[in-house]
Amino acid sequence: MSEKILIILVHFITRVIDAGGYAGIAALMAINSANIPLPSELIMPFSGYLVYLGRFNLLFVAIAGMIGCNIGSGIGYWIGAKGGRPLVERYGKWVLMNSHDLDLMTAFFLKYGSITVLLARMMPILQTFIAFPAGIAKMPRLRFHLYTSLGSFTWYYCLAYIGMKLGEKWNTDPRLAEAFHRFHLAVELVLLAGIVWFVLSHLRRRDSVRTA
């Protein structure tokens with residue numbers, strides 16, 4: 001992820017939260033959970049920082065994120081339940097998703113069962129897409145939203161808490177800023193490598209299918 005893209009993303013997130021408050025947090029987390037990878041690892045820590053500033057309440061921040069997650073996940077679940085494999089085969093190429101990806105997600109979900117939803121809510125990237133295979137598998141809606149609520153609330157509370165504590169220590173502990181700048185470039189390189197690998201591997205797989 002380039003520095004410019006990161007800056008644009010952070011600017012967008014902070015503007016939405018500044019303008020919308022708790023509703024802005026819920027809206028962003030709904031987007032994140034509706035198969036659109038808007039990282040909760042940026043949204044919730046910034047919300048936690050605003051808790052440190054006295055604008056938000058930590059518990060309400062986590063609840064707002066949980067509500068948004070359920071809204072977005074409901075959309076992803078509905079798409080999976082109604083569209084399923086035919087939807088991926090027809091439109092998945094536009095988001096670099098193919099039948100192979102669907103096979104992997106569905107097999108993982110079927111192997112570990114409904115608890116996958118609970119655990120995936122506390123895992124980066126997986127939390128964004130887990131609703132889709134849950135919908136395909138026709139997981140009971142009540143259980144789906146219960147696990148979504150438990151997992152998302154736990155994860156969002158922890159992220160917001162970290163943001164709050166970082167806000168408290170940022171200007172008082174110089175070691176924090178030093179450590180952040182030391183690993184900042186390394187984290188960006190890892191993210192960039194992962195994105196490049198994902199795009200190239202999917203483009204190559206799509207080309208091989210066309211020539212087969």
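Visitor: Which residues of H2 are buried?
Guide: In this predicted model, the buried residues of H2 are Gly24, Ile25, Ala26, Leu28, Met29, Ala30, Asn32 and Ser33.

Visitor: And how many residues does H2 have, and how far does it reach?
Guide: H2 has 12 residues and spans 17 Å from its first C-alpha to its last. That is close to the 16 Å expected at 1.5 Å a residue.

Visitor: What comes just after H2?
Guide: Asn35 does, with a positive phi of about 65°.

Visitor: Back to Ile25. What does Ile25 touch?
Guide: Leaving out residues up to four places away in sequence, Ile25 touches Ile17, Met44, Ser47, Phe56, Val61, Ala64 and Gly65.

Visitor: Which residues have the most contacts inside the largest nonpolar core?
Guide: Ile17, Ile25, Ile43, Met44, Phe56 and Val61 do, in a core of 21 residues. H1, H2, H3, H4 and H10 are the elements that give two or more residues to this core. There is also a second, separate core of nine residues, which includes Phe109, Val117, Ile130 and Ala134.

Visitor: Why might one look for such cores at all?
Guide: Because nonpolar side chains tend to be buried together in soluble globular proteins.

Visitor: Let's switch to rings. How many aromatic pairs are there?
Guide: A search of the whole structure gives five aromatic pairs. One of them joins Tyr22 and Phe56, with ring centres 4.8 Å apart and planes at 35°, so this pair is tilted.

Visitor: Where do Tyr22 and Phe56 sit in the chain?
Guide: Tyr22 is in helix H2, and Phe56 is in the loop between H3 and H4. They are 34 residues apart, so the pair links distant parts of the chain.

Visitor: Is Phe56 buried or exposed?
Guide: Phe56 is buried, at 9% relative accessibility. Its partner Tyr22 is partly exposed, with a relative accessible area of 28%.

Visitor: What about Tyr77 and Phe144, how far apart are the centres of their rings?
Guide: The centres are 5.0 Å apart and the planes are at 45°, so that pair is tilted. Tyr77 lies in helix H4 and Phe144 in helix H10, so the pair ties together parts that are 67 residues apart in sequence. Both Tyr77 and Phe144 are buried.

Visitor: Which residues form one aromatic cluster?
Guide: Tyr22, Phe56 and Phe60 do.

Visitor: You mentioned H10. How many residues does H10 have?
Guide: H10 has 29 residues and reaches 42 Å between its first and last C-alpha atoms, close to the 42 Å expected at 1.5 Å a residue. Its buried residues include Phe144, Trp155, Tyr156, Leu159 and Met164.

Visitor: What covers the buried residues of H10?
Guide: The cover includes helix H2 (22-33), H3, H4, helix H7 (115-120), helix H8 (126-129) and H9.

Visitor: Which residue in the loop between helix H9 and helix H10 should I look at?
Guide: Try Lys138, which has its place in that loop, between H9 (131-136) and H10 (141-169). Phi of Lys138 is near 55°, a positive value in a residue other than glycine. With a relative accessible area of 53%, Lys138 is exposed.

Visitor: Charges next. Which residue forms a salt bridge with Arg55?
Guide: Asp18 does, and the closest N and O atoms are 3.1 Å apart. Asp18 is in helix H1 (residues 3-20), while Arg55 is in the loop between helix H3 (40-52) and helix H4 (58-82). The pair links distant parts of the chain, with the two residues 37 residues apart.

Visitor: How many salt bridges does the structure hold?
Guide: The structure holds one salt bridge. As for its two members, Asp18 is partly exposed at 37% relative accessible area, and Arg55 is partly exposed at 41%.

Visitor: Zooming out, how many helices and strands does the chain have?
Guide: The chain has 11 helices and zero strands.

Visitor: What share of the residues is buried?
Guide: Buried residues make up 39% of the 212 residues in the chain. The chain exposes about 12300 Å², and carbon and sulfur atoms supply 72% of that.

Visitor: And the contacts, what share comes from residues 24 or more positions apart?
Guide: Among contacts in the chain with a separation of 6 or more, residues 24 or more positions apart account for 76%.

Key
Residues numbered from 1 in each chain as written. Predicted model: local features only at pLDDT ≥ 70, side-chain atom pairs only at ≥ 80, totals over all residues. Heavy atoms only, no water. Salt bridge = Lys/Arg side-chain N within 4 Å of Asp/Glu carboxyl O. Helix = DSSP H or I, 4+ residues; strand = E, 2+ residues; numbered from the N terminus. Buried < 20%, exposed > 50% of the residue type's maximum accessible area, 1.4 Å probe, protein only. Expected span 1.5 Å × (residues − 1). Contact = heavy atoms within 4.5 Å. Phe/Tyr/Trp six-rings, centres within 6.5 Å; stacked < 30°, edge-to-face > 60°. Core = buried A, V, L, I, M, F, W, Y, C linked by side-chain atoms within 4.5 Å. Areas by Shrake-Rupley, 256 points an atom, 1.4 Å probe, with all protein chains shown as cover.
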